[in-house]
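Let's take a walk through this model, one stop at a time. Have the sequence and the 3D view open, and follow along.

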Amino acid sequence: MDFKLTPEQEALKKEFEQFFEEEMKKAPPGWVYGLEGLYSDEGWPFNVYMAKRLAEKGWLVRPWPAEYGGCNAPMMEQLIFSDVIGYYGAPGVDPLGVGMIGPTLLAVGSEEQKREHLPPIARAERFWCQGWSEPNAGSDLAALTTRAVRDGDDWIINGQKCWNTGAHRADWTFMLARTNPEEKRSKGLTYFLVDMKSPGITVKTIESMEGSRHFNEIYFDDVRVPARNMVGEVNGGWAITQATMNFERSSVGVISGVRRALLDLVDFCKETRWQGKPLAENPFVRHQLAQLAIEIDVGRAMSYRVGWLQEKGEIIAAAAAACGAKVYSTELWHHAACTGIEVMGLYGTVKGGSKWAPLRGQFETLCQTTPGYKIGGGTSEIMRNIIAWVGLGLPRIK
C-alpha cells in the first residue's frame, strides 16, 4: 500500500510547516504544549494572536462551507493541518468552538444559529467551553441534574457543571440540561447555547495537581436563555451530544505531539553522557526510543485511517476507528511521558522553572497531565465499549 501524500498535499503540508516554524518563534518563554499552556495567563494572549493569524490565512475552519468562513477543504487536508499544528505544539484552534460546536451547528443547527455563531468562530472572535459534566455525572453523563424550565420565550437554568475546560476564557458555552424531570436518563435532556456573560453565571477555576488552571466549575443561578438558543428539539439533546462527540477525533495532533517530544528526547540522549558514553549508545535507552518510534508510526496510521473513512462517508466505521485512535493516542502520550522520566532519571522529575530541569521539565509536566487525557473526552474504558458495540457489533451488557 502507498501511504505517501499526493504532491499537492505535500506542498500544502510544507506551507503549513513554514508558517508554524516562523510563528512559533513568537511563543512566550516557557510555552507548554497542551491545555496547560493554552489557557494560562501567559499563553492565552498568544493563543488569541495565533487564532487571529489562522483566521487571516483562512485556515482556522478550512473544512467549513465558504458561506460560514471556511473553504470547503477535504477532510484529508484538515488532517494534514492538525498533524502539523500538533507537531509544532502551536495554539490557535479552539478545541471546543472550532472542533466541536461549530461542526455540530453545521450538522444540526438552525440557519439562524449558523449565521449567528459560525462567522465569529471563523474570525477568531468567539471562544467556547463545554457544559456537560457535573459532580455526579461525568462518564455517566445521562445522570446529570442541571434543570432548565420554560418561561415564556426563555428557559431558566439552574445547576452546576464541573471540569469545564477553558470556561474562564470562554465567551459562550454549549451545554445539556434536564428539561423533563420525569425522565431520569438521556430522554429528558435538551441542548442549549449560553452566553457566558449572562446574569447568574459564576465560574470558579480548579487548580490541577501540576499547578495549571484550565479546568473550572460553572454555577447557573436562574440563568435566562432565549428559546432560540436551544439546538434541536426539546428533550432531544442526547442525540445531538453524540453527534458533537463524533467530530474531529482522529487524534493525529496528539500523535504528532508525541513525535515532537520523542525527537526532543532523542536530542537529549545524544547530548547527555552516562558512564562516559552518550545515553544514545545505551542499549536499553535505544530500545525504549525505538519502541516509541514504532508506536508513533502505528498511531499515525490509525489517525489517517479515520480521515480516510470520513472522506469515504463511512460514518459508523469512522466513529469506531476514531475511538480506537483516541484510546491509542492518549495512552501513548502517557507511555511516552513515563519513558522520558525513566530515561532521564531523577533529573526528569525536576519542574521546568529550575535550571536542572532537562527539556524545560516537559516530561515532568506530561507525567502529571497525560493520565487525564485518558479520561477527558471519554475514558479509555468507554471508548473500548464503543469499539465493541459500534465497530465489532458485539452485544451491550444489559
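**Charged pairs, a hairpin and a helix crossing**

Start with Asp151 and Arg224, whose side chains meet in a salt bridge with an N to O distance of 2.5 Å. Asp151 sits in strand S2 (residues 147–151) and Arg224 in strand S7 (residues 215–226), so this pair links distant parts of the chain, 73 residues apart. Keep in mind as you look that this is a predicted model.

How accessible are the two partners? Asp151 has a relative accessible area of 34%, so it is partly exposed. Arg224 comes out at 43% relative accessibility and therefore counts as partly exposed as well.

Now stay on Arg224 and look for another acid. Asp154 also forms a salt bridge with Arg224, and here the closest N and O atoms are 3.2 Å apart. Asp154 belongs to strand S3 (residues 154–162) while Arg224 is in strand S7, so this pair ties together parts that are 70 residues apart in sequence. With a relative accessible area of 22%, Asp154 is partly exposed; the class begins where buried ends, and buried means under 20%.

What is the bridge partner of Asp151 in S3? It's Asp154, which you've just met as a salt-bridge partner of Arg224. The strands S2 and S3 pair in the antiparallel sense, over five bridges. Between the strands of this hairpin there are two residues, and Gly152 takes a positive phi near 65° in the hairpin.

That glycine makes a handy lead-in to backbone angles. Most residues other than glycine have a negative phi. Ala124 isn't a glycine, yet it has a positive phi of about 60°. You'll find Ala124 in the loop between helix H6 (111–122) and strand S1 (128–131). Asn235 is also not a glycine, and it has a positive phi of about 65°. Its place is in the loop between strand S8 (230–231) and helix H7 (237–245). Are these two residues buried or exposed, or somewhere in between? Ala124 counts as buried, at 4% relative accessibility, whereas Asn235 is partly exposed, with a relative accessible area of 27%.

Back to charges for a moment. How many salt bridges does a search of the whole structure find? It finds 20. One of them is between Glu23 and Arg53, with the closest N and O atoms 3.1 Å apart. Again distant parts of the chain are linked: Glu23 is in helix H1 (residues 7–23) and Arg53 in helix H3 (residues 43–57), 30 residues apart. Glu23 is buried, with a relative accessible area of 4%. Side chains of opposite charge can pair when their charged atoms come close. There's a wider arrangement here too: Glu23, Lys26, Arg53 and Glu56 are joined into one network by salt bridges that share partners.

Finally, swing round to helix H10 (residues 315–344) and helix H12 (residues 380–391). Their axes come within 9 Å and cross at roughly 155°. Angles over 145 degrees count as roughly antiparallel, so that's how H10 and H12 run relative to each other. The crossing in which H10 passes H12 is left-handed. On the H10 side, the contact residues include Ile316, Ala320, Cys323, Gly324 and Val327. From H12, among the residues making the contact are Met383, Ile386, Ile387 and Val390. Polar and charged names appear as well, including Lys326, Thr330 and Glu331 of H10 and Ser380 and Arg384 of H12.

Definitions and conventions. Residues numbered from 1 in each chain as written. Predicted model: local features only at pLDDT ≥ 70, side-chain atom pairs only at ≥ 80, totals over all residues. Heavy atoms only, no water. Salt bridge = Lys/Arg side-chain N within 4 Å of Asp/Glu carboxyl O. Helix = DSSP H or I, 4+ residues; strand = E, 2+ residues; numbered from the N terminus. Buried < 20%, exposed > 50% of the residue type's maximum accessible area, 1.4 Å probe, protein only. Pairing = 2+ DSSP bridges. Axes fitted to C-alpha atoms, helices over the stretch in contact; angles between N-to-C directions. Parallel < 35°, antiparallel > 145°, perpendicular 65-115°, else oblique. Left-handed = near helix turned anticlockwise from the far one by under 90°. Contact = heavy atoms within 4.5 Å.
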